[in-house]
Amino acid sequence: MTLSHWQAAHRHRTATYDVVVVGGGIVGCSAAYWLSQIASDLHVAIVDAGTLGGGASGRNAGMVLQGTDASYLTDVDRYGPRTARRLWAFTRANRDLIETELAAGAVDWRSPGSLTVAGSADEDARLQRSVPRMRAAGAPVAYLSPRETRRRLGARGFHGSLYVTCGGVVNPLRLVRHIAQRSGADLRTQHHVEALRRTSGGPLVLDTPVRRLHARRVVLAVGPWLPELMPAGAAYVRPVRGQMLVTEPAAEQVLPLPAYSHRGGFYVRQLADGRVLAGGGRHEHAEAEETAVDATTAAVQNTVEHYLHTHFPWTHGLSVERRWSGTMGFSPDGRPVVGPVPGLDGSFFATGFTGHGMGYGFRMGRLLAELTTGSERPNGYDLFTAERFEAEPVRR
Ligand SMILES: Cc1cc2nc3c(=O)[nH]c(=O)nc-3n(C[C@H](O)[C@H](O)[C@H](O)COP(=O)(O)OP(=O)(O)OC[C@H]3O[C@@H](n4cnc5c(N)ncnc54)[C@H](O)[C@@H]3O)c2cc1C
C-alpha cells in the first residue's frame, strides 16, 4: 500500500504510553483492566486493527466454563492430576472475578450452571469416572442420568451428563466493551500494528497506518495473529475456524442452561429472548477448518443444524437468522501459552486459548498485568509459560 504525503505526515505524529496492549479481545481488554487496578498511574492504550471484540471474543457463544476444552479426565491424562486441578482452579477464579468485579447487568452475566453431555456410552462412562476426581479438586459437580439429562434439556438421544453448578453465560461483546471502558485505557481501534521494534535506548515503536505509538512495554494479545508481530509465536499458535448459528426466537424457554456435548464437539444455549445459539461440528470437518478465512461453509452449518434437530426436536421449525465464523488460536497442547516477547524486556504475550478463551480471559488479563508490572512468576504463570516447549520440541 502506498501512503500520500498527507497520510505520512499524519502517521508520524506520535502518542506515548507506559503500556500499549495490542489486541482488543477479551484477553487484551482484561490486561488493560487489571493494569488499571494494579498500577493506576500507568498510561495505557488498547490498540486494535479493527473494532473491540471484532475477533473471536465478539463472535463466540458466551459460555464461561471451567476446565479446558477437554474433559477433566483427559486433562489428568494429558497434564497430570496437579496441573488438571490447578487449571480448574484458574478458570474457576476467572468466573468468580467476572461475577465480583463487573456489573452483571452490563454484560448479561448469568450463572445457571452448565452441562457437559455425553454423546456416547464411552463418554458417559468417562464422565462418571471423573466425578470423584473433580470433587477432590473442589469442583461443584453432579452426575445426571441419561433420563434426567434429556429432561433438563428437552432433548433426545443423549447419554448422561455432568452438571457443574458454577458455569456461566455472558454477552461476550458487551463483556469485552465493558471491561475496556472500565479500564480507563485510551481505545485506539482501526490501528493495525504493522511493525514493532525497539529503538536503541529509546521506547518501543509501534507503527500503524494511522499513527506511530511509543511505549515502554507492550502486551501482545492478538490471538492467532501473534506470528505477524512475533515470528517465534508460530511455534505456539495456529488459526482454527469456529462456526455457529442463531435461530429465530422459540416461543418457549426450554433450555435453562448451556450445554457442551460430544467431547466439546458441539455447544448450545438458549438466549433470554428465546433464540437458540448452536455451534461446533468442526471435528467432522477438521482439515477444512484449519484456516483463518472468515466464512461459513454449508458442510459445517449442515452438521450443526443436523445436531440441533436430532437432539433438540423442538428447534425443528425455527428458521436460522444468522450464521457466522470466527478465528481461534489453538496451541500445540491445548493450554494457553504466555511468555516474554523475545528482545523486548518487560513485554509479554498470551495466545492459544484453544476455543476456550472466555473461560480464561479475565483472569489471564490479571496474570499479564502482574507480569508487565514486574512480578517475576505470578500465581498461575507456570501453568501457561512457553518454557514448557523448551524441554520437549513442539509436536503438532
Ligand atoms: C464460533 C466461536 C465460538 C466460541 N465459543 C466460545 C465459548 O462459548 N466459550 C469460550 O470460552 N470460548 C469460546 N470461543 C473461543 C474464544 O472466543 C477465544 O478463545 C477468545 O475470544 C480469544 O480471545 P483473544 O483476546 O485471545 O483473541 P481475539 O478475540 O481474537 O482478539 C485478538 C484481537 O487482536 C487484534 N489484532 C490482531 N492482530 C493485530 C495487529 N497486528 N494490530 C492490532 N490488532 C491486532 C484482532 O483484531 C482482534 O480483535 C469461541 C470461538 C469461536 C470462533
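This is a short chat about the ligand site, a cavity and a pocket in a predicted model.

User: Which residues come nearest to the ligand?

Analyst: Asp48, Ser57, Met63, Gly357 and Met358 come nearest, out of 36 residues around the ligand.

User: What's the mix of classes in that shell around the ligand?

Analyst: The shell has 18 nonpolar residues, 16 polar ones and two charged ones.

User: Which backbone atoms lie by the ligand's oxygen or nitrogen atoms?

Analyst: A polar backbone atom of Ile26 is 3.3 Å from an oxygen atom of the ligand. For Val27, a polar backbone atom is 3.2 Å from an oxygen atom of the ligand. Gly355 has a backbone N or O atom 3.2 Å from a nitrogen atom of the ligand.

User: And how much of the ligand does the protein bury?

Analyst: The protein buries 96% of the 1,000 Å² that the ligand exposes when taken alone.

User: Which elements give two or more residues to the shell?

Analyst: They are helix 2 (26-38), strand 12 (238-247), strand 16 (320-330) and helix 11 (357-372). Helix 11 gives the largest share, three residues.

User: Where does the ligand lie with respect to the domains?

Analyst: The ligand lies between domain 1 (13-109 + 166-237 + 331-396) and domain 3 (239-327), because both give residues to the shell around it.

User: Changing topic. How many cavities of 30 Å³ or more turn up?

Analyst: A search of the whole structure finds one. The volume of the largest cavity is about 30 Å³.

User: What lines the largest cavity?

Analyst: Its lining consists of Arg241, Gly242, Gln243, Gly280, Arg282, Glu289 and Val300. Strand 12 supplies the largest share of that lining, three residues. By class, the lining has three charged, three polar and one nonpolar.

User: OK, now pockets. What volume does the second largest one have?

Analyst: The second largest pocket has a volume of about 360 Å³. It is lined by 17 residues, and those closest to its centre are Val170, Asn171, Pro172, Arg269 and Leu271.

User: Which elements give that lining two or more residues?

Analyst: Helix 8 (172-183) and strand 14 (266-270) do.

User: And which domains give at least three residues each to the lining of that pocket?

Analyst: Domain 1 and domain 3 each give at least three residues to the lining of the second largest pocket.

User: Last one: how does the lining of that pocket divide by class?

Analyst: The lining of the second largest pocket has nine nonpolar residues, four polar and four charged.

Terms used:
Residues numbered from 1 in each chain as written. Predicted model: local features only at pLDDT ≥ 70, side-chain atom pairs only at ≥ 80, totals over all residues. Heavy atoms only, no water. Near = heavy atom within 4 Å. Polar contact = N/O pair within 3.5 Å; in protein donor to acceptor, adjacent residues only side chain to side chain. Areas by Shrake-Rupley, 256 points an atom, 1.4 Å probe, with all protein chains shown as cover. Helix = DSSP H or I, 4+ residues; strand = E, 2+ residues; numbered from the N terminus. Nonpolar A, V, L, I, M, F, W, Y, C, P; charged D, E, K, R; others polar. Domains from an automatic or database assignment. 1 Å grid on protein atoms, 1.4 Å probe; cavity = no way out; pocket = protein on both sides within 12 Å on 5 of 7 lines; lining within 4 Å. Points joined across faces, edges and corners; volume = space filled by probe spheres on them.
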